[in-house]
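Hi,

Here is the structure I said I would pass on. Have a look at it first, and my notes follow underneath.

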Amino acid sequence: MAHGGRLILPDVELVKAVDALWQRGWLPYDVREIVSRSLDESATSLVVDVIALSCSPHAEATVHPRWRSQLDEIGATVWWEGPLLEAWATRHIETRSFAARTASELLTFLGRLPSLPRILPLPGDGLMSAVRAGVDPKVLNRVRGLLAKAESTSFPEEAEALSAKAQELMNRHALERAMLDADLPAQATSRRMWLDKSYFKEKSQLVHVVATAFRSRAVAYDGFGFVALVGDEVDLESVELLSTSLLVQATRAMVAAGGRAGKGSEARSRPFRKSFLVAFASRIGERLTDAPAAPDERLLPVLADRKKAVDTLFEEMFTQTRTSRVTVRSAAGWGAGRAAADVADIGTGRSSVTSG
């Protein structure tokens, strides 16, 4: 990951700003996402390159796998030689003055971002050989295969059976891993799941119920647009997979309900859509609570230790939280949301686990 190009002053300042964010708890995906939501495309492409430059001096063995995965996900690679800002301006067919203005705006913005809880070791902090693995890739492939069939069938009963089997497989795998890791110290970790800003509060409710079903905890950062998750590594991967799929299904069903209605109807209103999403989350929570079988009694002490580890990390990371409440203002939206959740696939067909 080493990079031998020389740095000019703007490059140095940009890298310092990003390095400071790593110290303040931000991760590569977080930085790219907050810039893309707050500034323009030029600033977003520039910050991705700055992230690549910031991380390039560190040997790959000293970079956490999830950190490396985020770099790959946002496309942060050192593609240029020499000064970054000059190469960036040339690549995007922009003047040097435009590049300087973009860099200045980006510097100001990055400097104003607050601190977040640090959830991963910084690049270069040490060898990452002891990092605990996530979901077994073979299990992920089986889950994807089951859900690809579930999403392609036109028979609701078959889709329900296939998706329920996939969700059972995720849970069984997590419990089997817990048994295998029983002699290891209980370990909790944290992830951040970024959601679309539209109806964020309602969508975060869905992530919360999925997290609860997978023995995890969640905190919504309304001002930024992400949900912080705390749990076991395997459980959190399942939470991301399932939540993402269910959010897609909920949005598709919500838009379809509005599409079937006439212009100006209640089904196209914000109260309807908010109520739809809250009801969808509520019903999914009920279904997930009913779905898993009781774990083997031998696992109970292991799961109790994990719960303690999750609660301890949660309390260390979040000293002040408050319960968020949502108001349902549309009975039709509530009914439609519960109906949609009744036929939703309790699983996901995503092709990969991502950080965002």
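The side chains of R306 and D232 are joined by a polar contact of 3.4 Å. Bear in mind that this is a predicted model. R306 sits in helix α12, which covers residues 300–317. Is R306 buried or exposed? Its relative accessibility is 11%, and the cut-off for buried is under 20%, so R306 counts as buried.

Next, the sheet. Three strands make up an open sheet, ordered β1-β3-β2, with antiparallel pairing. At the edges are β1 (189–194) and β2 (217–221), each of which pairs on one side only. From one strand to the next, the twist averages 20°. If you want to check the register, β1 pairs with β3 (residues 226–231) over six bridges, in the antiparallel sense, and M193 stands opposite V227 in β3.

A helix goes with this sheet too: α9 (residues 200–213) packs on it and touches β1, β2 and β3. The direction of α9 makes about 10° with that of β3.

Last, the pocket. How much space lies in the largest pocket? About 640 Å³. Its lining is made of 20 residues, and those nearest the centre of the pocket are A218, V219, A220, R322 and S324. Both α9 and β2 come up again here, as each supplies at least two residues of that lining.

Shout if you would like to go through any of it together.

Cheers

Note on methods. Residues are numbered from 1 along each chain as its sequence is written. This is a predicted model: local features need pLDDT of at least 70, side-chain atom pairs count only at pLDDT 80 or more; totals for chains, interfaces and linings use all residues. Side-chain values use heavy atoms; hydrogens and water are left out. Helices (H or I, at least four residues) and strands (E, at least two) are DSSP runs, numbered from the N terminus. Buried means under 20% relative accessible area, exposed over 50%, partly exposed in between (1.4 Å probe, protein chains only). A polar contact is a pair of N or O atoms within 3.5 Å; within protein, one must be able to donate a hydrogen and the other to accept it, and residues adjacent in sequence count only if both atoms are side-chain atoms. Two strands pair if DSSP finds at least two bridges between them. Axes are lines fitted to C-alpha atoms, for helices over the stretch in contact, and angles run from 0 to 180 degrees between N-to-C directions. Contact means heavy atoms within 4.5 Å. On a 1 Å grid over the protein atoms alone, a cavity is a set of points where a 1.4 Å probe fits but cannot get out, and a pocket is an open set with protein on both sides within 12 Å along at least five of seven lines; lining residues have an atom within 4 Å of a point. Grid points are joined across faces, edges and corners, and a volume is the space filled by probe spheres set on the points.
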